[in-house]
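Thanks for making time this morning; I would like to take you through one structure, and I will try to say only what can be computed from the coordinates. Please have the sequence and the view open while I talk.

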Amino acid sequence: MIKRTLVFGASLKPNRYSNYAVQRLVANGIDVLAFGKREGNIGNIKIKTELELYDNVHTVTIYLNPKRQKTFYNYIVSLKPERVIFNPGTENPEFYDILKANNISYEASCTLVLLATNQY
């Protein structure tokens, strides 16, 4: 199964983990969507700067600090993903409670490690 993934907080800077995550997800045959502060491309993946209501999002992997996440709680919940991954530095107990209340699973983990160890 292809786990359509939204990389939330994607960066055009190649030295950022979010950028590398987009590349690794694509290399693993995963359908990738990207949202970030600046529009542009990571390979063939376009980073959108406007929120869109996507269908069939399996995973949202977050690369935004908890303060910046607040504005996006409702949007992420509205996508009804099966899970949300909080990468290192993005852990957010307040958001965990909201996700739990909406029956969305979450994990504090690293997308890159999950991919490298075939646990994605």
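I will go from the sheet to one of its residues, and then to helix 4 and the loop after it.

Let me say at the outset that this is a predicted model, so please hear every value as computed from that prediction.

Let us begin with the sheet, which is open and made up of 7 strands in the order 3-4-2-1-5-6-7, with mixed pairing. Its edges are strand 3, residues 40–42, and strand 7, each of which pairs on one side only, and from one strand to the next the twist averages 25°. At the strand 3 edge, strand 3 and strand 4, the latter being residues 45–48, pair in the antiparallel sense over 3 bridges, and Gly40 has Ile47 in strand 4 as its bridge partner. Helix 1, residues 17–27, packs on this sheet and touches strand 1, strand 2, strand 3 and strand 4, while its direction makes about 165° with that of strand 1.

Within the sheet I would like to pick out Thr61, which belongs to strand 5. Is Thr61 buried or exposed? Its relative accessibility is 0%, and since buried means under 20%, Thr61 counts as buried. The side chain of Thr61 is joined to that of Asn87 by a polar contact of 2.7 Å, and, leaving aside residues up to four places away in sequence, Thr61 touches Thr5, Leu6, Val7, Phe8, Ile85, Asn87 and Thr111.

Now to helix 4, residues 93–101, where the buried residues are Phe95, Tyr96 and Leu99. Why do these three lie on the same side of helix 4? The reason is that they cover an arc of only 110° around the axis. Pro93 and Ala101, by contrast, are exposed on the other side of helix 4. As for what the buried residues of helix 4 pack against, the partners are strand 5, helix 2, helix 3, strand 6 and strand 7.

Finally, the loop between helix 4 and strand 7 contains Asn102, which is partly exposed, with a relative accessible area of 39%. Asn102 is 25 residues from Val77 in sequence, yet their C-alpha atoms are 7.3 Å apart in space. Helix 4 is also followed by Asn103, whose phi is positive, near 55°, and with that residue I will stop and take questions.

Terms used. Residues numbered from 1 in each chain as written. Predicted model: local features only at pLDDT ≥ 70, side-chain atom pairs only at ≥ 80, totals over all residues. Heavy atoms only, no water. Buried < 20%, exposed > 50% of the residue type's maximum accessible area, 1.4 Å probe, protein only. Helix = DSSP H or I, 4+ residues; strand = E, 2+ residues; numbered from the N terminus. Arc of directions from axis to C-beta. Contact = heavy atoms within 4.5 Å. Pairing = 2+ DSSP bridges. Axes fitted to C-alpha atoms, helices over the stretch in contact; angles between N-to-C directions. Polar contact = N/O pair within 3.5 Å; in protein donor to acceptor, adjacent residues only side chain to side chain.
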